[in-house]
Amino acid sequence: MDEISFYTREDGETLPLFATPKDGKTSVDFLTNWIAENRDALQDKIREHGAVLFRGFDIESPQDFERVALSYQPELSTEYRGTSPRKLQPGTKAVFSASELPYYFPIGQHLEMSFLPAPPKEIFFSCLIPPVSIGGETTLCDFSKVYRDLDPEVRERFEKKGVMYVRNYTRSSRSFSIDPTMMKGWEDTFYSPDKALVEDECRKSNIDFNWYGAQKDSLKMTNREEAIQHHPETNVPVWFNHVQVFSMPMARKYVQFHCTRAKSLFFYFVYVFVSILAWLGSFIKPQNLGFTTLYGDGTVVSGADLKCVNDAISKNLVFNRWQKGDTIFIDNFRISHGRQPYRGKRKVVVSWSKPCSKPKAFSERA
C-alpha cells in the first residue's frame, strides 16, 4: 500500500478517496499489479469512503481502463438493462460509453440499475477526455445520507409502499415519439429481436410484461421494488430507487440548476426546451411514459415528495472536476452517480461488476 498516496479533499469532504502514484510509478502495468496485490485493502477503502479515485496514472484508452477494472473485478458484466443508450468500446469486451444522451441533458443521481432485483455491486468510470466547459462532472452522492436527511414522513411513505417501475419500449426501428422519455427500443435493451428471450429475461428478474399495439411489438414492463435497502455488508440503510431519475419534472429541475450555475444563454434555451418536453409529457398517463416511478401501490408520487427527495440529494451532492485518466471505483449499493450537462468534448467510459441480489426483495413483504 505504501507505493500509492491516499488523501481526501481539503474542504473535509471524504467522497471520494483520492489515490495518486509515488516515485513516478504511473504505468498501467504498475497500477494493475498493485490493485491485484492489494485488492482486499482497496475494497476496505471503497467500503469506508464509498469510492476511490485513481489520479495521475497513464490511463489513456478504453483498453487501459478495462485492464485496470479487471485487475480489481475479474468478472465484469456486459448485461445492461438501463434506459440510457450506451456503446461498447472497440477493442474491449466490457467497456461502454457512459451515456449517449445529448450533452445538454442532465442525468439524475442514481445507483446503477437499482430498479432491478440484482444491480451491479460496483461500477467503474474513467475519463479519457475531460470537459473544458462548466459542467460535465460525474457527480457523486452518498445515498445513505439521503436516507438520513429525508423528511421522516416522506421516508416512511416510501418504506411502507415501496416503488413501482413502469417502462415502455417500442421497436428500435420506430425512432420517433412525442414522449421525451422514449430513449431506445426493446431490441437494443435486450440485445435481441427475439420476444421469447425478452420474456425469459423478464421472468428471471420478476418483471411483469405485456406486448401491446397493433403489431404487438411494443413492450410494457412493470416491477415493484423496495425504496430502501440495507447495504449488504455494512447493514446501513440506503435510499435505493430511481424515483429521482424516472421523472421528467426532476429533469427540468436539474437543467434549471445548471442554468443558474453556468449563467449561460444556451442552457437557458435548454431549460425552456426541457420544460416544453415536461409539459408534453404531462399529457401522457404516467403508466404510458417511456419510464416512470410510482409508489408501490400504483399511485403517483407527489411533487412535494419529489422536492423532498431532490433537496436531500442536493444537500449531499459532491462535484469533482474530471482530469485526464481519472478512474473511479464506486460502491454501487451506497454511492450514486449522475452527469452534469456540458458543452464541447468529453469522453467518459464505464464498466460494472456482476449482479448482486438485493438484501430484501419486494416479494418478501407480509
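Buried means under 20% relative accessible area, exposed means over 50%, and partly exposed lies in between (1.4 Å probe, protein chains only). Strands (E, at least two residues) and helices (H or I, at least four) are DSSP runs, numbered from the N terminus.

This is a predicted model, in which local features need pLDDT of at least 70 and side-chain atom pairs count only at pLDDT 80 or more, while totals for chains, interfaces and linings use all residues. Residues are numbered from 1 along each chain as its sequence is written, and side-chain values use heavy atoms, with hydrogens and water left out.

**Stop 1: strand β16**

Select residues 327-331, which make up strand β16. Five of its five residues are buried. Thr327, Phe329 and Asp331 point one way from the strand, and Ile328 and Ile330 point the other way.

Now add residues 51-54, strand β3, which runs antiparallel to β16 and is joined to it by four bridges. Two strands pair if DSSP finds at least two bridges between them. Here valine 52 stands opposite phenylalanine 329. Then add residues 122-129, strand β7, also antiparallel to β16 and joined to it by five bridges. Isoleucine 123 has isoleucine 330 of β16 as its bridge partner.

**Stop 2: the rings around phenylalanine 329**

Keep phenylalanine 329 and show Phe6, Trp34, Phe54, Phe57, Tyr72 and Phe124 with it: together they form one aromatic cluster. Rings of Phe, Tyr and Trp (its six-membered ring) pair if their centres lie within 6.5 Å; planes under 30 degrees apart count as stacked, over 60 as edge-to-face and the rest as tilted. The structure holds 20 aromatic pairs.

For a stacked pair, select tyrosine 7 and phenylalanine 18, whose ring centres are 5.2 Å apart with planes at 10 degrees. Tyrosine 7 is in strand β1 (residues 4-7) and phenylalanine 18 in strand β2 (residues 17-21), 11 residues apart. Tyrosine 7 counts as partly exposed because its relative accessibility is 35%, whereas phenylalanine 18, at 4%, counts as buried.

Next, measure from tyrosine 72 to phenylalanine 329: the ring centres are 5.3 Å apart and the planes at 45 degrees, so this pair is tilted. Tyrosine 72 lies in helix α3 (residues 62-72) and its partner in β16, so the pair ties together parts that are 257 residues apart in sequence. Both residues are buried.

**Stop 3: the nonpolar cores**

A nonpolar core is a set of buried Ala, Val, Leu, Ile, Met, Phe, Trp, Tyr and Cys residues joined through side-chain atoms within 4.5 Å. Select Phe125, Phe158 and Trp239, which touch the most other members of the largest core, a set of 61 residues. Helix α10 (residues 303-315) gives the most to this core, with five residues. Another core, of 25 residues, lies apart from it and includes Ile4, Leu42, Leu76 and Val95.

Centre the view on tryptophan 239. Leaving aside neighbours within four places in sequence, its contacts (heavy atoms within 4.5 Å) include Leu111, Phe143, Tyr147, Phe158, Gln244 and Val309.

**Stop 4: charges over rings**

A charge sits over a ring if NZ of Lys or CZ of Arg is within 6 Å of the ring centre and within 35 degrees of the ring normal. Arginine 155 lies over the face of tyrosine 147, at 4.8 Å from the ring centre. Lysine 161 lies over the face of tyrosine 295, at 4.6 Å.

**Stop 5: a four-stranded sheet**

Last, show the open sheet with the order β6-β17-β8-β15 and antiparallel pairing. Its edge strands are β6 (107-110) and β15 (317-318). Two bridges join β8 (residues 140-142) to β15, and cysteine 141 has leucine 317 as its bridge partner there.
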